[in-house]
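Here is a short tour of a protein model, written for someone who likes to think at the bench. Keep the structure open while you read.

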Amino acid sequence: QLLWLLARTARAWGLASSPRALGGMGSPRGGALLVALCLSAGSILAANPLALHKHYEVDAGSSVVVSLQGYDYDGDSMTVTITSLPDSGTLYQLSDVYSRYGYDPVAGVAITSVGTVVTGSQSRVVYVRPTSDVDAYGKFASFTYTVNDGTTTSQAGTVWLLPQSKKVEGSDFARTNDAWTITGQTSPQSATHEATSRGLVNRFIYGTDNLIHKGSTCDTQRWMFEAPAKFLGQQGVAYGGSLEFTLSSFSGDFTAGNLISGLNLVEIECSTCALNTGVTLAFPLSATTGFDGTTKAFSIPLTHTGGWLKDPKNTLTTWAAPTKCELLEVLAGITSLRIAGDFTCWYESVALDSVYFQAPASQIPICAQPTPDLSSCTCA
């Protein structure tokens, strides 16, 4: 991870464009530059305060006290500023009596404009969720803030406001296909929405093989369910949690001899990760108990030790588990999320239901957050 940080610093100085370029700094002058880069990178980490990403859970009509204390390597006191407001609900300053002594009422003056400085003790504010609010199938609001240590203003941190289920983003397909598509066929197409129930799946989407590309033994074309835009971008808050979904099939031969071997159940891409070289992670079906066409709920752990594999971009190299930092960076910059729909060598019809990212009880580790996109992660 230090190499990546040095590369970023070098690129900012116009000295090197990649970690590989740093390898050419073997001359005396290059060595001196490398030392300077190390000192610069270290000072950047030590000097810049961090506005940490966080998540809080709150019921409709309830409130939660949100701590916006940032992190500063030097231990400097910090000023907190609200840089965007939640789309639903209201932020409040702490009342004076609660800020000083912890007595009710908790909420003071409403925060109605961007740029408001937080006045509550320990950099706390109150979020009040509307009484009439209905639990969304995912987060219902978020807001951002920055911290300043007297010299430097941090990049913005995000606070996710979630239902008690800790769903970060999801699709329940109650009314529509929620913009999910089918990819891997001859041409992309919208997933078909079904507004009825079949067993344990109730209002769902499904896809079918529209053409079999028969190879020597099996269909060579693999189709997958492709997630819509709301599942993309910054989902790092889900690290340590899970990706949940349910699969079922209404037709097809799922006997062992007709199943596709070496299938990836889930694939996540981040085109901007690893200094824009891109990273693809896959969760193989073999890391689960499999899928035989009967209705099954899957819970895919979003941890680097949970069974994920990283595409080495080299057919001669074995896929290996990603590091903690690699998975964190991918989750913070998702550009594509796909769930398998094609499991057999012949025609089948497969349904998908109840898809969501679920956050853990814990927060994103501080070691992952030198930058908001988690790309300068230093976690072991």
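pLDDT is the predictor's confidence in each residue, on a scale from 0 to 100. This is a predicted model, and its mean pLDDT is 88, with 85% of the residues reaching 70 or more. Two stretches fall well outside that picture. Over residues 1–28 the pLDDT stays under 50, and the model has 53 contacts beyond four places in sequence for them. Over residues 30–44 the value also stays under 50, with 21 such contacts. Where pLDDT is low, the predicted coordinates should not be read in detail.

**The nonpolar cores**

Let us begin inside. The largest nonpolar core holds 60 residues, and those that touch the most other members are W180, F225, F245, L247, L265, V266 and F343. Helix α6, which spans residues 324–331, gives this core its largest share, 5 residues. A second, separate core has 22 residues, among them V58, I82, F143 and Y145.

Helix α6 is mostly covered, with 6 of its 8 residues buried. These are C325, L327, L328, E329, V330 and L331.

V266 is a good place to look around. Setting aside neighbours within four places in sequence, its contacts include L243, F245, L281, F283, I300 and W308. V266 is also in contact with L337, R338 and I339, and R338 will come up again among the charged residues.

**Salt bridges**

How many salt bridges does the structure hold? There are 6, and three of them are set out here.

| Salt bridge | Closest N to O |
|---|---|
| D178 and K230 | 2.7 Å |
| E267 and R338 | 2.7 Å |
| E326 and K310 | 2.7 Å |

Take D178 and K230 to start with. D178 sits in the loop between β9 (167–171) and β10 (181–183), while K230 sits in the loop between β14 (224–226) and β15 (242–252), so their salt bridge ties together parts that are 52 residues apart in sequence. D178 is partly exposed, at 23% relative accessible area, and K230 is partly exposed too, at 32%.

The pair E267 and R338 joins two strands. E267 belongs to β16 (residues 264–270) and R338 to β20 (residues 336–340), so the salt bridge ties together parts 71 residues apart in sequence. Buried means under 20% relative accessible area; E267 is therefore buried, with a value of 16%, and R338 counts as buried at 11%. A network of salt bridges links E267, E269 and R338.

The pair E326 and K310 brings us back to helix α6. E326 is in that helix and K310 in strand β19 (residues 309–310), so to speak distant parts of the chain, 16 residues apart, that the pair links. K310 is partly exposed, with a relative accessible area of 24%.

**A buried glutamate without a partner**

Which side chain of opposite charge is nearest to E226? The nearest is R338, 4.3 Å away, and E226 is buried yet has no salt bridge. A salt bridge needs a side-chain nitrogen of Lys or Arg within 4 Å of a carboxyl oxygen of Asp or Glu, so a distance of 4.3 Å does not qualify.

E226 is found in strand β14. Its side chain makes a polar contact with the side chain of T183, at 3.3 Å. Leaving aside neighbours within four places in sequence, E226 is in contact with W180, T181, T183, S336, L337 and R338. W180 is also one of the residues that touch the most other members of the largest core.

Conventions: Residues are numbered from 1 along each chain as its sequence is written. This is a predicted model: local features need pLDDT of at least 70, side-chain atom pairs count only at pLDDT 80 or more; totals for chains, interfaces and linings use all residues. Side-chain values use heavy atoms; hydrogens and water are left out. A nonpolar core is a set of buried Ala, Val, Leu, Ile, Met, Phe, Trp, Tyr and Cys residues joined through side-chain atoms within 4.5 Å. Buried means under 20% relative accessible area, exposed over 50%, partly exposed in between (1.4 Å probe, protein chains only). Helices (H or I, at least four residues) and strands (E, at least two) are DSSP runs, numbered from the N terminus. Contact means heavy atoms within 4.5 Å. Lys and Arg count as positive and Asp and Glu as negative; His and the chain ends are not counted. A polar contact is a pair of N or O atoms within 3.5 Å; within protein, one must be able to donate a hydrogen and the other to accept it, and residues adjacent in sequence count only if both atoms are side-chain atoms.
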